[in-house]
Amino acid sequence: MAEAQRLLSREMDIDRPCAARIYDAFLGGSHNFGVERRFAERLELALPGVTGVFRDNRAFLRRAVEYLLARGVRQFLDLGSGIPTIGHVHEVARRRTGRFRVLYVDNEPLTVAHSKPLLAAEPRAEIIRADLREPGSVLNAPETAELLDLAQPVGVLMSAVLHFLDDGDDPHGLVRTYQRAVPPGSALVISHVTGGEQPAPMHLLANFYADTADPLVDRSPEWIDECFGGFDRLGPGTCCVSDWRPDPGAPAHPHYRILHGGVARKPARHE
Ligand SMILES: C[S@@+](CC[C@H](N)C(=O)[O-])C[C@H]1O[C@@H](n2cnc3c(N)ncnc32)[C@H](O)[C@@H]1O
């Protein structure tokens, strides 16, 4: 019932900008409305260069997925996927292998409606409408059983989504549930907004998002690192996403350092 209310409360919310379409607008996509384009323009005016934060996140996600593909991970569960365009997970995977599976999950109804036709011709990827705060609705969905083999390693992606959860949702507890649901060799990818290094831009960003359908919560790199729990950190560990195995020639000092994240793998021995 609580879950039905959550989903219904999103149903009518098309007059306010929403996170998925704001992100699409910043990435230069075409799956957004005037309300999100105006939001993106106003935010870029208030925080010149902030577009780079959204692009840095998408680039981090790409590098993380490439890294996992190179280590044999072939299945991905993308929680809070947004609209899978502009170099999203199945496009990254398709460049490397024909043997992959991606299940996208989002709780925003129009995001899912926009995404379904985009994935219609790709049998190896699917999107479902579910709330990651209800792990049972994700893990027990028929599409999950059809697409993913939870006995084999899975890349669980929580990219730019946990900051939309309140502390009352128990984000750490939710992450643990997904960690337990996948076998050793699986990996967890997380990115999250952080204001510690640059509180002023973070404050402004949070104020902008406060008026959207998806207010966000700023947390610390330590909080993000705690999400990984007993998983082995890969690459440089939890850091500013631009510093996580940057592409050769990438700018060493991004304008804003308000997004941290990391990648970690489930070891053979884990609870
Ligand atoms: C900023 S977008 C991130 C897109 C993608 N993960 C990426 O990093 O490129 C965040 C997405 O999370 C979704 N979202 C927010 N809260 C969610 C929840 N509780 N369950 C599922 N999706 C959620 C939003 O609808 C939005 O599409």
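These are my notebook entries on helix packing, cores and a few single residues in a predicted model.

**Ground rules.** I number residues from 1 along each chain as its sequence is written. The model is predicted, so I keep local features at pLDDT of at least 70 and side-chain atom pairs at pLDDT 80 or more, use all residues for totals for chains, interfaces and linings, and take side-chain values from heavy atoms, with hydrogens and water left out.

**Entry: H2 and its cover.** I looked up burial in helix H2 (residues 19-27), where helices are DSSP runs of H or I with at least four residues, strands are E runs of at least two, and both are numbered from the N terminus. Nine of the nine residues of H2 are buried, so the helix is largely enclosed by the rest of the structure. Buried means under 20% relative accessible area, exposed means over 50%, and partly exposed lies in between (1.4 Å probe, protein chains only). The buried residues include Arg21 and Asp24, along with Ile22, Tyr23 and Phe26. What covers them? The cover includes helix H3 (34-46), H4, helix H6 (109-119) and helix H10 (199-210). Just after H2, Gly28 takes a positive phi of about 85°.

**Entry: H2 against H4.** I checked the geometry next. The axes of H2 and helix H4 (residues 51-70) come within 9 Å and cross at roughly 100°. That makes H2 roughly perpendicular to H4. Axes here are lines fitted to C-alpha atoms, for helices over the stretch in contact, and angles run from 0 to 180 degrees between N-to-C directions. Angles under 35 degrees count as roughly parallel, over 145 as roughly antiparallel, 65 to 115 as roughly perpendicular, and the rest as oblique. From H2, the contact uses Ile22, Tyr23, Phe26 and Leu27; from H4, it uses Thr51, Phe54, Arg55, Asn57 and Arg58. Contact means heavy atoms within 4.5 Å. By class I note five nonpolar, two polar and two charged residues. Nonpolar covers Ala, Val, Leu, Ile, Met, Phe, Trp, Tyr, Cys and Pro; charged covers Asp, Glu, Lys and Arg; the others, Gly among them, are polar.

**Entry: H4 against H5.** H4 also packs on helix H5 (residues 89-96), at an angle of about 40° and with the axes 10 Å apart. The two are therefore oblique to each other. Their crossing is right-handed: the near helix is turned clockwise from the far one by less than a right angle, whereas anticlockwise would be left-handed. In H4, Leu61, Arg62, Val65, Glu66, Leu69 and Ala70 meet Val89, Val92, Ala93, Arg95 and Arg96 of H5. This contact has seven nonpolar, no polar and four charged residues.

**Entry: cores.** I looked for nonpolar cores, that is, sets of buried Ala, Val, Leu, Ile, Met, Phe, Trp, Tyr and Cys residues joined through side-chain atoms within 4.5 Å. The largest has 48 residues, and those with the most contacts inside it are Leu43, Val50, Leu68 and Phe76. H4 gives the largest share, nine residues. Which residues does Leu68 touch? Beyond four places in sequence, Leu68 touches Val73, Phe76, Gly155, Ala187, Val189, Leu234 and Val263. A second, separate core of 30 residues includes Leu103, Leu162, Val182 and Ile224.

**Entry: H9 against H11.** Helix H9 (residues 171-181) and helix H11 (residues 221-228) pack at about 30°, axes 9 Å apart. That makes H9 roughly parallel to H11. The crossing is right-handed. Pro171, His172, Val175, Arg176 and Gln179 of H9 meet Trp223, Glu226, Cys227 and Phe228 of H11.

**Entry: the loop before H9.** I checked phi between strand S4 (155-159) and H9, where Ala160 lies. Most residues other than glycine have a negative phi. Ala160 has a positive phi near 50° and is buried at 19% relative accessibility. Asp170 is in this loop too. Its phi is near 60°, and Asp170 is partly exposed at 43%.

**Entry: two buried residues.** Is Cys240, in strand S6 (residues 232-240), buried or exposed? Cys240 is buried, at 3% relative accessible area. Leaving aside neighbours within four places, Cys240 contacts Pro254, Arg257, Leu259 and His260. Ser115 sits in helix H6 and is buried at 0%. Not counting residues up to four places away, Ser115 touches Gly82, Ile83, Pro84 and Ile127.
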